Amino acid sequence: MSKKSSLRVLSLANQKGGVGKTTVCFNLATALVRLGHKVLLIDNDPQANLTTYTGINVEPSTLTLDQVYLSRDRRAVSFSELSEVQENLYLIPSDSALAGVEYYLVSRSQRESVLNNALATVKSEFDFVLIDNPPSLNLLTLNGLMASEGVLVPLQAEFFSLEGLSQLQTTIQDLKKWNESLAIVGIVRNVFDSRRRLNQDVSD
């Protein structure tokens with residue numbers, strides 16, 4: 001991925017859990033930083049594993065993603081509010097409070113676009129924004145996809161992970177009505193064992 005890439009905001013998504021979304025997201029961000037890019041991570045999963053990976057401690061003064069979703073004034077996030085993980089790597093962290101956000105989002109207008117609107121200003125500060133999404137099709141995942149220009153799909157070489165990919169393709173096709181640029185830009189084959197016939201068949 002070059003600095004000239006038009007794909008600035010990418011979602012890591014698969015409707016199957018345990019496929020390595022968070023690990024791929026964090027490792028990809030680290031690699032991009034080492035290549036000289038400036039990267040923003042967004043932990044869009046209530047499990048908050050990406051936040052744990054970064055080592056960021058969520059303090060009362062820390063801007064967390066649930067606060068972004070619940071903001072009544074719907075203002076855009078500013079650069080000064082982001083958590084700095086290391087040089088050129090920043091995070092909007094998550095915590096357990098994110099699990100209750102869907103209940104409030106249901107009643108909001110344009111509820112699938114809250115995250116996209118919040119990132120309107122700050123994303124221009126970065127070469128890449130990587131969004132780690134939950135392993136299910138809910139309003140958090142929809143917000144992540146609506147804010148993205150492309151989707152990377154971590155895929156374990158086994159049946160249920162492949163089925164999750166099929167479901168995700170259907171979801172993306174439906175969302176194209178509102179986000180024309182959204183498309184799967186790559187599949188990251190993960191936890192592959194060449195000795196297993198099923199792994200080979202799924203890869204094929």
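Leaving aside neighbours within four places in sequence, with which residues is Leu 28 in contact? In this predicted model, Leu 28 lies in helix α1, which spans residues 21-34, and, once its neighbours within four places are set aside, it is in contact with Leu 130 and Leu 152. The first-named partner is remote along the chain, since Leu 28 and Leu 130 are 102 residues apart in sequence, although their C-alpha atoms are 8.8 Å apart in space. Contacts of this kind can be set against the protein as a whole, where, among contacts between residues at least 6 apart in sequence, 80% join residues at least 24 apart. The secondary structure comprises 8 helices and 7 strands, and buried residues account for 48% of the 204 residues in the protein. The protein exposes about 10200 Å², of which carbon and sulfur atoms supply 47%.

Leu 130 leads to strand β5, in which 5 of 5 residues are buried, so that the strand counts as mostly covered under the criterion of less than 20% relative accessible area. Phe 128, Leu 130 and Asp 132 point one way from β5, whereas Val 129 and Ile 131 point the other way, and all of these residues are buried. Two parallel partners were identified for this strand. Strand β1 (residues 9-12) is joined to β5 by 4 bridges, with the two running parallel, and the bridge partner of Leu 12 in β5 is Asp 132. Strand β2 (residues 39-43) is likewise parallel to β5, to which 5 bridges join it; here Ile 42 has Ile 131 as its bridge partner in β5.

Aromatic pairs were examined next. A search of the whole structure finds 5 such pairs. In one of them, the rings of Tyr 90 and Phe 126 have centres 5.8 Å apart and planes at 70 degrees, and the pair is therefore edge-to-face. This pair links distant parts of the chain, as Tyr 90 belongs to strand β4 (residues 89-92) while Phe 126 lies in the loop between α5 (114-118) and β5 (128-132), 36 residues apart. Both Tyr 90 and Phe 126 are buried. A further edge-to-face pair is formed by Tyr 103 and Tyr 104, because their ring centres lie 5.2 Å apart and their planes stand at 90 degrees. The surroundings of these two residues can be described by their accessibility: Tyr 103 is exposed, with a relative accessible area of 66%, whereas Tyr 104, at 48% relative accessibility, counts as partly exposed. Ring pairs also link Phe 79, Tyr 90 and Phe 126 into a cluster. In addition to its ring pairing, Phe 126 has Lys 38 lying over its face, at 5.6 Å from the ring centre.

Strand β4, which carries Tyr 90, pairs with strand β3 (residues 83-86) in the antiparallel sense over 3 bridges. Within this pairing, Leu 89 in β4 is the bridge partner of Gln 86. The two strands form a hairpin with 2 residues between them, and in the turn Asn 88 has a positive phi of about 70 degrees.

A further covered element is helix α6, which spans residues 139-146 and contains Thr 141. The helix is mostly covered, with 8 of its 8 residues buried; these are Leu 139, Leu 140, Thr 141, Leu 142, Asn 143, Gly 144, Leu 145 and Met 146. At its N-terminal end α6 is capped by Asn 138, a side-chain oxygen of which lies 3.1 Å from the backbone nitrogen of Leu 140. Thr 141 itself counts as buried because its relative accessibility is 4%, where the cut-off is under 20%. A polar atom of the Thr 141 side chain lies 2.5 Å from the backbone oxygen of Ser 136. When residues up to four places away in sequence are not counted, Thr 141 touches Asn 44, Asn 133, Pro 134 and Ser 136.

Note on methods: Residues numbered from 1 in each chain as written. Heavy atoms only, no water. Phe/Tyr/Trp six-rings, centres within 6.5 Å; stacked < 30°, edge-to-face > 60°. Buried < 20%, exposed > 50% of the residue type's maximum accessible area, 1.4 Å probe, protein only. Lys NZ or Arg CZ within 6 Å of the ring centre and 35° of its normal. Polar contact = N/O pair within 3.5 Å; in protein donor to acceptor, adjacent residues only side chain to side chain. Contact = heavy atoms within 4.5 Å. Pairing = 2+ DSSP bridges. Areas by Shrake-Rupley, 256 points an atom, 1.4 Å probe, with all protein chains shown as cover.
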